[in-house]
Amino acid sequence: MNLFWSIMLATLAKDIRLEWRSKDALNAMLFFSLLVVVIFVFSFDPLAEESRHIVGGLVWVAFLFAAVVALNQTWARELRNQVLDAYRVSPAPATALFVAKVLGNFLFVSVLEALMTPLFVIFYNLHVLGPAWQLIPVALLGTWALVVNGTFFAAMSLRTRSRELMLPLLLFPVSIPAVLGMVAATTSILTGENPAHFYIVLLLTYDVVFTTACIGLFDTVLQAE
Amino acid sequence: MNLQPPVVKVENVVKQFGRFAALRGVTAEFEGGRFHVILGDNGAGKTTLLRALAGLAHPTRGAVSILGKTPHEACRDLGYMAHPSLLYDEMSGIENLRYFASLYDIPGDDRCREVIRAVGLDPELARPVGKYSQGMRQRMSLARAILHDPKILLLDEPFSNVDVHSAREMVALLAGMRDAGKTIFVVTHQAALLEGAADEFLWMENGQIVDRTRDLSTHSTYPEPA
Amino acid sequence: MKKAFPILAGLTAIFLAYAFYQAMFVAPTDFAQGDVYRIIYYHVPSAWTAFLLFFINFLASVQYLANAKPSWRRAVNWVVVLLGIVGFIAPFVPQVRAQLPTGMYPSSVATTALILVGLYFLIARFFPEQNVDLLAVTTAEVGVVFCTIVLITGPIWARPVWGIWWAPGDIRLTSTLVLWLIYVSYLVLRRFSDSAQTQKLAAVLAVFGALDVPLVYFSIWFFRTQHPQPVIGGGGSMDPRMLHTLLISWMAFLCFAYLICWSRFQLERLRREVEEAEALESLLETPSSSAQISKARVPLSRGPQ
């Protein structure tokens with residue numbers, strides 16, 4: 001068990017270090033996130049009466065697109081110089097690699113979200129009418145839902161043609177209940193009209209089910225040639 | 001000479017990629033403690049065979065056994081090196097090896113420094129691997145392969161684009177490891193480089209082993225491609 | 001089966017014609033909707049057929065993954081038996097009985113559970129090894145076709161009756177849409193994958209899809225309780241004559257689906273046999289290496305050497 005944690009942490013540390021060293025890619029991603037927000041601001045009038053009702057959806061769609069672009073990058077690093085082969089040949093368990101990648105992606109996407117959220121608040125003049133603290137579990141669970149399946153399907157896409165296209169193609173259908181949950185929860189909290197409890201439970205269930213499935217089946221995906 | 005029972009057995013291994021058969025029923029046994037060199041034209045199946053031994057390519061039919069186990073089970077005893085460096089370009093040599101050491105549960109830096117020195121590089125070099133010369137990169141890749149002191153080494157074209165001096169040093173290192181009891185497989189086009197050190201030369205053609213000799217000179221000249 | 005095929009095809013055509021006659025002329029006109037409602041006799045049976053096919057795909061995918069190791073096989077078998085026992089007993093337990101929708105008898109739920117378990121073991125018996133993957137591919141493709149019919153007939157029905165093409169809160173139609181998306185992505189994965197383990201990856205995706213469907217259902221169900229939406233499919237009980245026609249229609253569709261699946265299954269099986277024969281042939285002869293390389297489909301991660 002200790003071995004699992006040490007490998008997982010070492011891989012996570014390595015990924016963070018690599019991400020930090022290729023600051024170009026990081027900056028480009030941050031700028032991309034900003035652009036997505038701006039495009040949304042121009043597409044959906046922030047001054048409209050109903051803006052509070054739709055912002056929940058806008059925010060999560062923006063996060064989704066930023067996440068997909070970010071997810072495509074993380075495995076690309078392992079394919080350069082075929083480093084993934086070195087991992088496969090080692091005795092390190094596949095799940096340690098997976099958990100490390102998911103955590104790394106989670107941190108990265110969270111950073112992007114942390115950049116985009118204040119922009120949405122500013123442009124859309126958001127006041128939270130419901131219990132604001134509930135946004136935290138929604139954000140955490142929602143991001144985890146996108147990232148855990150995203151990392152898994154990105155690994156699956158490694159063995160396909162049109163790799164960057166395959167990721168959203170595989171991810172979006174399966175993520176629909178999670179997206180519905182995230183958006184409905186956020187809207188409920190922003191408008192204060194409905195309780196968000198069920199959606200939070202839904203997201204939690206989704207996360208538990210799919211994290212288990214991903215961890216159980218990742219070895220099969222990694223060992224595919 | 002260290003004569004040991006066969007450590008690597010390949011039984012009628014077939015590897016197909018769609019309609020193309022890279023390996024067509026290869027059967028062979030390899031003794032331990034020997035330096036085996038695999039030669040052949042491009043497309044002969046050399047890399048595929050090595051990957052099958054490493055457990056990276058799953059045979060369509062047949063079986064590979066390493067020390068009586070599957071390659072996946074025997075992974076601690078296998079060291080693999082390929083033409084791509086299998087290293088992260090943005091990290092230095094020692095940082096790369098530290099990471100791979102963690103995968104093999106090797107504590108501390110000492111072993112990493114030891115192997116870097118063994119391949120003739122400086123452990124303190126902070127330059128990222130992406131900026132190495134080809135020779136340095138191949139040497140660091142070899143260091144990664146021998147980091148966990150495996151019993152069997154699988155090296156795919158370790159000397160390609162490497163200067164003669166570095167290549168000779170690598171050969172000497174490998175010969176020393178063979179003398180210490182390791183089993184070594186090298187796929188290469190540069191047979192002459194290994195003439196003094198290798199114990200055996202294998203020729204592959206069209207996915208099969210067509211010849212095995214101890215001495216390079218006894219092999220008849222290649223049949224001309226049709 | 002081959003010899004029986006033309007006969008069965010003929011019988012199915014007659015059956016479908018009979019179902020059409022029943023649907024268009026014999027079934028009574030709906031009080032509220034008029035004759036437009038008759039599309040239900042194509043909409044609903046397509047849906048049931050698609051769901052059945054997708055469910056078979058799920059079972060086949062699970063078996064394909066479990067076949068990798070004998071120990072996994074045994075474990076999955078025991079889990080299925082356990083689920084069957086639970087599914088059989090649960091509907092009779094008072095707390096569960098109270099949760100069942102009105103009109104659904106505990107015995108029918110229990111029997112369904114047994115049938116599903118039986119289906120699993122029937123598939124295991126009749127589709128050994130590679131054939132189980134053939135079954136998966138066939139049911140996925142034919143399922144997508146029937147699902148497409150559902151998604152087209154749904155809005156066509158909704159527009160004249162309820163004035164809208166689509167209601168996001170319509171739980172059945174939206175769940176069907178998600179199911180359709182999942183299986184289209186399944187087929188795309190199969191088509192685009194270069195891996196030698198494409199079949200395994202596709203099976204993994206099918207399992208993910210199956211886990212997703214109940215979550216989709218519940219997420220929309222709760223969304224709808226907060227945001228009441230028009231229900232396109234219509235609820236409540238049905239005139240027994242309509243139900244009768246519906247079942248006839250469904251039987252006809254099942255026969256039709258069976259014929260198409262059988263054809264597709266054979267087609268795929270033959271295609272694979274041809275591929276294997278060609279590969280075997282290339283194994284035995286020794287052509288010049290350059291000719292072989294130009295014919296090869298070079299895999300993504302590693303070229304042949």
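How many of the residues of helix α1 (residues 46–54) of chain B are buried? In this predicted model, the helix is mostly covered, with 9 of its 9 residues buried. The buried residues of α1(B) include the charged-to-nonpolar run from K46(B) through T47(B), T48(B), L49(B) and L50(B) to R51(B), A52(B), L53(B) and A54(B). Just after α1(B), G55(B) adopts a positive phi of about 90°.One member of this helix, L53(B), also stands out in the largest nonpolar core, where L203(A), L53(B) and L154(B) have the most contacts inside the core. This core has 208 residues. Its largest share, 15 residues, comes from helix α2 (residues 40–66) of chain C. Leaving aside residues up to four places away in sequence, L203(A) touches V138(A), L141(A), G142(A), A145(A), A178(A), G181(A) and M182(A).

Chain B also contains an open sheet of 6 strands, arranged in the order β5-β6-β7-β3-β8-β9 with mixed pairing. Its edge strands are β5 (78–81) and β9 (208–213) of chain B, each of which pairs on one side only. On average, neighbouring strands of the sheet are turned by 15° against each other, direction ignored. Helix α4 (residues 134–146) of chain B packs on the sheet and touches β5 and β6 (152–156) of chain B. The direction of α4(B) makes about 160° with that of β5(B).

Within the sheet, strand β3 (residues 35–40) of chain B pairs with strand β7 (residues 183–187) of chain B in the parallel sense, over 4 bridges. In this pairing, I38(B) stands opposite V187(B) in β7(B).

Note on methods
Residues numbered from 1 in each chain as written. Chains lettered and ligands numbered in written order. Predicted model: local features only at pLDDT ≥ 70, side-chain atom pairs only at ≥ 80, totals over all residues. Buried ≥ 20, exposed ≤ 12 C-beta atoms within 10 Å, placed from the backbone. Helix = DSSP H or I, 4+ residues; strand = E, 2+ residues; numbered from the N terminus. Core = buried A, V, L, I, M, F, W, Y, C linked by C-beta atoms within 7 Å. Contact = placed C-beta atoms within 7 Å. Pairing = 2+ DSSP bridges. Axes fitted to C-alpha atoms, helices over the stretch in contact; angles between N-to-C directions.
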